[in-house]
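Reader: Could you take me slowly through one part of this model, explaining each term as you go? I would like a connected account rather than a list.

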Amino acid sequence: MPWSGFHTKMIAALGCAWILDGLEITVASSVTSVLTRSETLGLSSSEAGLIATVYLIGQVTGALFFGRMADRFGRRKLFLLTFGVYLFGSGLTALTYGQGPGWDAYLYLTRFIAGTGIGGEYAAINSAIQEMMPARFRGRVDLLVNGTYWAGAMVGTVAELMILSTFDESVAWRIGFLLGPVLGFSVLFVRRHLPESPRWLIMNGREAEAEAAIARIESAVRGHGKKLPPVDEKDAIEITESEHATYVTLLRVLFKEYPKRAVLASTLMITQSFLYNAIFFTYTLVLTKFYGVSDKDAPMYLLAFAAGNLAGPIILGPLFDIVGRRWLIAGTYLFSGCALAVTATLFVTDVLTATTQTIAWCVIFFFASAGASSGYLTAGEIFPLEVRGKAIALFFAIGQCAGATGPYFYGWLIGDGTERGRLYIGFLMGAVIMVVGGLAETFLGVDAERKSLESVAKPLSVVRTSVGAARRRTVKKLKKPGDDLIQPGGDGAVGKSGDDPDQPGDEPRADTPAV
């Protein structure tokens, strides 16, 4: 299907979730030190650090819970619900007014709620985007949407610097947590007008609604003066209304039908999540402890780092559809891993400055960001329709759990900033981990570029895959014992299963259901 304004509107309405996620995490990181002061919430350093951990736990919980609901109740209902949950939770955080165990529990609860909303967005939105984008644009769109996390990080950094310098600290941190809800509230009204995924509607036996959704999309295409190409008969498939799949169904699909794809998706998600969490959340510590950058100036380096991460998916994204998934994903992982090893050597020999270290990381993560975003693309498009939401949720949760160990481990390696050798080993570990991800894609990758989702992974409820296949299926069902033999008393004709079923004498029996 050609591109139209409908697809652009959908990206704008759904893609904002990652912008808000990046903004949310950046703001939370920026105000951590502020919340330890007596005039704000008076948290200890460990209590303030726990805010990010609780938010992460919320993301994992939300992804698993809402991922199943996205397959059960539909993509549209879920990307409305999960966004509302995020807005509600983040808004409540700003209403933390007191100190003490009760208010601390309230603070953590609201961060958990906000995290569940964003975690649910990953499953619902990736499913919707992959199912409703034209096949030849699916890769670049998914990378672009996931990569906008870094646009949110940039907005959050700039906004928090301005807010902290303009308002009193007791008010500034509250405004920071209200940024997401204020910016995102209007998006709910835009999302209300988006249709449900036609693929999901068909799977659930709602053909009339699916036809209406398709007609709406096609009308938007024609409205832009573009012609709809005819659909080849060989691409037609028929599915039956399926029972609602559970996580048990997903595990059966992963371990029985697609074990190699399960290994691939988990490897990509674990490797990119570990590296990103390890580097990003300790970025400021490296600058301040090894290069003497002040706390005030550190966010400016973060802006450059975020810009490199944002540029990668935007510039490299089209190549994932043109050159192909396997070589682009493998190439970005392998290059970033090898480049990190080179940078680690320069770091341990103390030949880098804060500026050259940041430039090196910008180059590395220009490629790593595109590879990391492709992990979500892979987890969604290589598994069947009925379990797509749960598959994205499961591999997201696996990646986040593995990635959560990175910041603590690298923080321990950094220590007081006097031993470069320990962090050098950590950088080499990160490099090896990314190389492992690249090798996994090289040998296990699926060439899904410019292909329909059904040709990449057939739905579990598929009945037949083409008109020719349907005809052969019908002949086989109608075949009677002795059809392959010369009929006695006949004219010597031979009846075989490959004969034309429309020939006289091959009419269906009255008790045989039509296919």
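Author: What follows is a close look at helix 17 and the residues around it.

This is a predicted model, in which local features need pLDDT of at least 70 and side-chain atom pairs count only at pLDDT 80 or more, while totals for chains, interfaces and linings use all residues. Residues are numbered from 1 along each chain as its sequence is written, and side-chain values use heavy atoms, with hydrogens and water left out.

Helix 17 spans residues 405–414; helices here are DSSP runs of H or I with at least four residues, numbered from the N terminus. Within helix 17, Gly 406, Tyr 410, Leu 413 and Ile 414 are buried, where buried means under 20% relative accessible area, exposed over 50% and partly exposed in between, with a 1.4 Å probe and protein chains only. Seen down the axis of helix 17, these buried residues fall within an arc of 100 degrees, so they line one face of the helix; the arc is that of the directions from the helix axis to the C-beta atoms.

The cover over these buried residues includes helix 11 (259–280), helix 12 (283–290), helix 16 (388–403) and helix 18 (420–444), with contact meaning heavy atoms within 4.5 Å. On the face turned away from the buried side, helix 17 carries the exposed residues Tyr 408 and Trp 412. The ring of Trp 412 has the charged end of Arg 422 over it, 4.6 Å from its centre; a charge sits over a ring if NZ of Lys or CZ of Arg is within 6 Å of the ring centre and within 35 degrees of the ring normal. Just after helix 17, Gly 415 takes a positive phi of about 55 degrees.

Definitions and conventions. Helices (H or I, at least four residues) and strands (E, at least two) are DSSP runs, numbered from the N terminus.
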